[in-house]
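Visitor: I've got a model with a bound ligand open here. Can you walk me through it?

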Amino acid sequence: MAVMRNFLLWCSDNPTLRNKVPQMSFVQRALKRFMPGEEIDDAITASKEFFNIGIPAVLTRLGEDLQNLSEADEVTNHYLSVIDKIAEENLDIEISLKLTQLGLSLSQEKTFENFDKIAERAEKLNNIVWIDMEGSKYTKKTIEFYKRIKSKRSYIGLCLQSYLFSSHKDLNDLLEVTPNIRLVKGAYNEPHDIALRDKFRVDENYLDLSRKMLEASNKDGNRMVFGTHDLKLIKAIKKEADILNYPQSKLEFHMLYGIKLNAQKQLVEEGHIVRTLISYGKLWYPWYMRRLAERPANVMFVLKNMFSK
Ligand SMILES: Cc1cc2nc3c(=O)[nH]c(=O)nc-3n(C[C@H](O)[C@H](O)[C@H](O)COP(=O)(O)OP(=O)(O)OC[C@H]3O[C@@H](n4cnc5c(N)ncnc54)[C@H](O)[C@@H]3O)c2cc1C
């Protein structure tokens with residue numbers, strides 16, 4: 001299983017595959033399970049359907065590690081137009097983005113400028129902007145960025161990854177700026193010296209971090225979100241919330257479009273807050289390979305699409 005996961009994560013970074021695989025029609029067919037379509041309108045239509053069953057959405061346009069800053073300007077303008085659309089149609093939709101989409105690997109100042117424009121527009125709607133956490137090459141920069149932007153704009157959220165050894169210290173430091181956190185396990189291929197590789201230990205760390213987040217949120221009232229489909233962990237978090245007198249109605253779970261829909265509905269029925277993260281965009285290849293790596297059985301699903309029309 002680990003060999004397959006590592007292979008798929010290697011594929012996600014391979015430039016030749018990145019060019020070739022997205023053109024294969026059976027892969028495009030299989031992709032539909034995780035993504036309603038490549039266009040923003042596809043994502044908004046799906047968001048409305050989810051909203052109607054009590055699950056508002058978070059939208060993200062796929063793309064990462066841009067090669068020049070003019071592309072970052074285009075991404076910034078795109079997100080500004082999405083925020084305007086959300087306002088015009090009065091939709092309950094949040095956005096989540098990667099800092100390397102806005103130029104982080106090229107210029108921190110320009111990234112700050114781009115992000116600040118988006119955050120300012122969202123702030124007027126009292127809407128949060130979430131920041132995804134990317135590979136470990138960017139962890140420190142992303143956390144520093146978050147602290148800086150948080151001193152200017154308050155309603156910004158950040159993703160942390162439980163597989164990283166550094167996440168406990170990062171969370172402790174971040175608590176000083178009253179953060180909004182989305183905790184996930186982590187989706188990248190990280191080396192042994194900085195990340196846990198064993199599922200049991202990643203889950204254990206997730207629960208420890210969850211406890212710390214719930215305690216902090218009880219005090220400050222900021223948003224603490226659990227981004228996971230792991231039902232065992234979700235059960236443990238609910239139990240932890242009871243122990244800490246954290247209201248179950250405030251417990252918030254985010255899951256990905258196409259995964260565990262019944263569990264999402266069940267959590268809503270139980271009175272928790274749930275959001276679905278819906279991705280769209282043409283640059284889906286590395287993101288899609290990470291989804292396959294999370295559950296290598298998904299590869300069978302892709303292969304089955306080779307034989308269907
Ligand atoms: C809202 C949200 C935001 C995220 N943002 C980031 C981010 O910014 N940075 C980052 O590194 N990672 C991010 N991730 C991905 C995350 O790190 C994990 O890789 C992913 O969520 C799988 O872990 P899990 O917690 O669901 O647990 P797992 O133990 O991997 O999965 C639990 C169960 O969920 C189901 N499942 C999980 N993944 C899949 C899948 N791909 N296909 C089908 N079934 C599946 C399976 O039944 C599995 O047994 C995000 C995830 C979510 C839900």
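Guide: Happy to, and keep in mind that this is a predicted model. Let's start with what surrounds the ligand, a shell of 27 residues. Those that come nearest are K185, G186, T228, H229 and E294.

Visitor: Which residue puts a side-chain N or O atom 2.6 Å from an oxygen atom of the ligand?

Guide: Polar contacts here are pairs of N or O atoms within 3.5 Å. At 2.6 Å from a ligand oxygen, this side-chain atom falls inside that cut-off. The residue is also listed among those that come nearest to the ligand. It's E294.

Visitor: And how far is the side chain of R182 from a nitrogen atom of the ligand?

Guide: There are a couple of polar pairs to look at here. On the backbone side, an N or O atom of A187 lies 3.0 Å from an oxygen atom of the ligand. For R182, an N or O atom of the side chain pairs with a ligand nitrogen, and the distance is 3.2 Å.

Visitor: How much of the ligand's area does the protein bury?

Guide: Picture the ligand taken alone, where it exposes 920 Å². In the model, the ligand sits in the largest pocket. The share of that area buried by the protein is 88%.

Visitor: Which element gives the most residues to the shell around the ligand?

Guide: Elements giving two or more residues are β4 (156–161), β5 (180–184), β7 (252–256) and α12 (285–294). The top contributor gives 3 residues. That's β7.

Visitor: Let's move to α12. Is P286 in that helix buried or exposed?

Guide: P286 is found in helix α12. Its relative accessibility is 5%, and the cut-off for buried is under 20%. So P286 counts as buried.

Visitor: How far apart in space are P286 and W10, C-alpha to C-alpha?

Guide: In sequence, 276 residues separate P286 and W10. Leaving out residues up to four places away in sequence, P286 touches S12, R18 and E64. The C-alpha distance between P286 and W10 is 9.7 Å.

Visitor: What about S12: which backbone oxygen lies 2.5 Å from a polar atom of its side chain?

Guide: S12 has its place in helix α1 (residues 2–13). It is buried, because its relative accessible area is 5%. Beyond its neighbours within four places in sequence, S12 is in contact with R18, Y285, P286 and M289. The backbone oxygen 2.5 Å from its side chain belongs to L9.

Methods:
Residues are numbered from 1 along each chain as its sequence is written. This is a predicted model: local features need pLDDT of at least 70, side-chain atom pairs count only at pLDDT 80 or more; totals for chains, interfaces and linings use all residues. Side-chain values use heavy atoms; hydrogens and water are left out. Helices (H or I, at least four residues) and strands (E, at least two) are DSSP runs, numbered from the N terminus. Buried means under 20% relative accessible area, exposed over 50%, partly exposed in between (1.4 Å probe, protein chains only). A polar contact is a pair of N or O atoms within 3.5 Å; within protein, one must be able to donate a hydrogen and the other to accept it, and residues adjacent in sequence count only if both atoms are side-chain atoms. Contact means heavy atoms within 4.5 Å. A residue is near a molecule or strand if one of its heavy atoms lies within 4 Å of it. Accessible areas come from the Shrake-Rupley method with a 1.4 Å probe; for residues, only the protein chains shown count as cover. On a 1 Å grid over the protein atoms alone, a cavity is a set of points where a 1.4 Å probe fits but cannot get out, and a pocket is an open set with protein on both sides within 12 Å along at least five of seven lines; lining residues have an atom within 4 Å of a point. A molecule sits in a cavity or pocket if more than half of its atoms lie within 2 Å of its grid points.
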